[in-house]
Each structure stands twice: as structure tokens, then as C-alpha cells.
Amino acid sequence: MELPRILYVDDEVINLELLQLTFMNDFHVLTASSAEEGLKLLESHPDIHVVISDLKMPGMNGLDFIKVVKQGFRDKVCMLLTGYMESEVILEGFNKELIFRYLMKPWDKAELEETIRDALRR
């Protein structure tokens with residue numbers, strides 16, 4: 001059976017590897033270390049269902065990345081996974097219907113898995 005594809009974008013390689021290793025039996029996790037790399041992966045893998053992005057990244061931050069994703073790939077379910085509580089960013093993400101969920105690092109495996117599965121059902 002084909003595992004559902006998710007994309008995780010984070011500028012810290014250790015975070016990419018950790019999420020990929022944790023969920024390797026549950027999801028096909030594609031990773032990108034920048035927003036630009038993430039957009040290229042979305043173009044070459046139309047079967048990505050869920051996009052998870054860090055918020056604080058050099059160049060384009062996570063919410064700006066998700067805005068671009070939503071312009072080109074409206075069907076993608078997007079989430080922010082970050083270590084920073086940015087109330088204004090979270091509010092904008094929800095008000096503009098850009099993000100499905102906002103989760104804090106360090107993440108809990110069961111909570112993140114349940115959230116990804118909820119996103120896949122949308």
C-alpha cells in the first residue's frame with residue numbers, strides 16, 4: 001500500500017531527519033530545507049497531501065511560504081510546526097484560511113500523527 005505523502009519544510013536538517021525517521025512507517029515524508037526547495041518538490045510531486053512548515057526560516061518564513069503554496073496548490077492542507085508562539089502570525093493564518101493547524105515544537109508524536117491524519121481526511 002502506498003503511504004500518504006507529506007512535505008516538511010524546515011531550515012534545520014536535524015528537525016527534517018527526526019520527523020522523517022519518526023514517521024517513516026506511517027507516511028512518505030519528503031523534506032526541504034528552504035521554502036524554494038519545498039515549492040520545487042510540490043511541483044514535481046502533485047500527490048503530496050499535507051504540507052508542514054517551520055515558521056522561522058531565512059529568506060521566506062513559513063506563513064509566506066504557505067501563502068505561495070495556497071496560490072498554486074489550493075488543495076494542499078498546510079500546517080505550521082514551530083518553536084515560537086507568534087500570535088499575530090497564527091491569527092493571520094487562521095483568518096485567511098491558510099493553515100489547518102499550528103503545533104509547537106518540541107512536538108508530541110501521537111499529537112502530530114493524529115493531526116496529520118486529520119489533515120489527510122480533509
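A residue counts as buried under 20% relative accessible area, as exposed over 50%, and as partly exposed in between. These words recur throughout the following account of the structure, which is a predicted model. Lysine 109 illustrates the middle class: its relative accessible area is 36%, so lysine 109 is partly exposed.

Lysine 109 also introduces the charged contacts of the chain. Its side chain meets that of aspartate 26 in a salt bridge, with 3.9 Å from N to O. This pair links distant parts of the chain, since aspartate 26 lies in the loop between helix 1 (13–22) and strand 2, whereas lysine 109 belongs to helix 5 (residues 109–120), 83 residues apart. Aspartate 26 has a relative accessibility of 17% and therefore counts as buried. The two residues are part of a network of salt bridges that links Asp26, Lys109, Glu113 and Arg117.

A further salt bridge joins the side chains of arginine 101 and aspartate 118, at 3.8 Å from N to O. Here too distant parts of the chain are linked: arginine 101 is in strand 5 (residues 101–104) and aspartate 118 in helix 5, 17 residues apart. Both partners are partly exposed, arginine 101 with a relative accessible area of 31% and aspartate 118 with one of 23%. Aspartate 118 forms a salt bridge with arginine 121 as well, at 2.4 Å from N to O. Arginine 121, at 61% relative accessibility, counts as exposed. In total, the structure has 14 salt bridges.

The interior may be approached through helix 2. The buried residues of helix 2 (residues 35–44) are Ala35, Gly38, Leu39, Leu41 and Leu42. Because these residues cover an arc of only 160° around the axis, they lie on the same side of helix 2. They pack against strand 1 (5–9), strand 2 (28–32), strand 3 (48–53) and helix 3. The face turned away from this buried side carries the exposed residues Lys40 and Glu43. For glutamate 43, the relative accessibility is 59%, so this residue counts as exposed. Glutamate 43 and phenylalanine 73 are 30 residues apart in sequence, while their C-alpha atoms are 9.0 Å apart in space.

Helix 3 can be described in a similar manner. Its residues Gly62, Leu63, Phe65, Ile66, Val69 and Lys70 are buried. They share one side of helix 3, because the arc they cover around the axis is only 150°. On the other side, Gln71 and Gly72 are exposed. The cover over the buried residues of helix 3 includes strand 1, helix 2, strand 3, strand 4 and helix 4.

Among the buried residues of helix 3, lysine 70 deserves separate attention. Lysine 70 is buried yet has no salt bridge. The nearest side chain of opposite charge belongs to aspartate 75 and is 7.5 Å away, whereas a salt bridge requires a side-chain nitrogen within 4 Å of a carboxyl oxygen. Apart from neighbours within four places in sequence, lysine 70 is in contact with Lys76, Cys78, Glu97 and Leu98.

Cys78 leads on to strand 4. Six of the six residues of strand 4 are buried, so this strand is largely enclosed by the rest of the structure. In a regular strand the side chains alternate between the two faces of the sheet. Accordingly, Val77, Met79 and Leu81 point one way from strand 4, and Cys78, Leu80 and Thr82 point the other way. Strand 4 runs parallel to strand 3, and four bridges join the two. Valine 50 stands opposite valine 77 of strand 4.

These helices and strands also contribute to the nonpolar interior. In soluble globular proteins, nonpolar side chains tend to be buried together. The largest nonpolar core here has 24 residues, of which Leu7, Leu42, Val51, Phe65, Val69 and Leu80 touch the most other members. The elements that give two or more residues to this core are strand 1, strand 2, helix 2, strand 3, helix 3, strand 4 (77–82) and helix 4 (87–95). A second, separate core of 18 residues includes Leu19, Val50, Met79 and Leu103. Valine 51, a member of the largest core, touches Leu7, Leu42, Phe65, Val69, Lys76, Val77, Cys78 and Met79, not counting residues up to four places away in sequence.

Methods. Residues are numbered from 1 along each chain as its sequence is written. This is a predicted model: local features need pLDDT of at least 70, side-chain atom pairs count only at pLDDT 80 or more; totals for chains, interfaces and linings use all residues. Side-chain values use heavy atoms; hydrogens and water are left out. Buried means under 20% relative accessible area, exposed over 50%, partly exposed in between (1.4 Å probe, protein chains only). Lys and Arg count as positive and Asp and Glu as negative; His and the chain ends are not counted. Contact means heavy atoms within 4.5 Å. The arc is that of the directions from the helix axis to the C-beta atoms. A nonpolar core is a set of buried Ala, Val, Leu, Ile, Met, Phe, Trp, Tyr and Cys residues joined through side-chain atoms within 4.5 Å. Two strands pair if DSSP finds at least two bridges between them.
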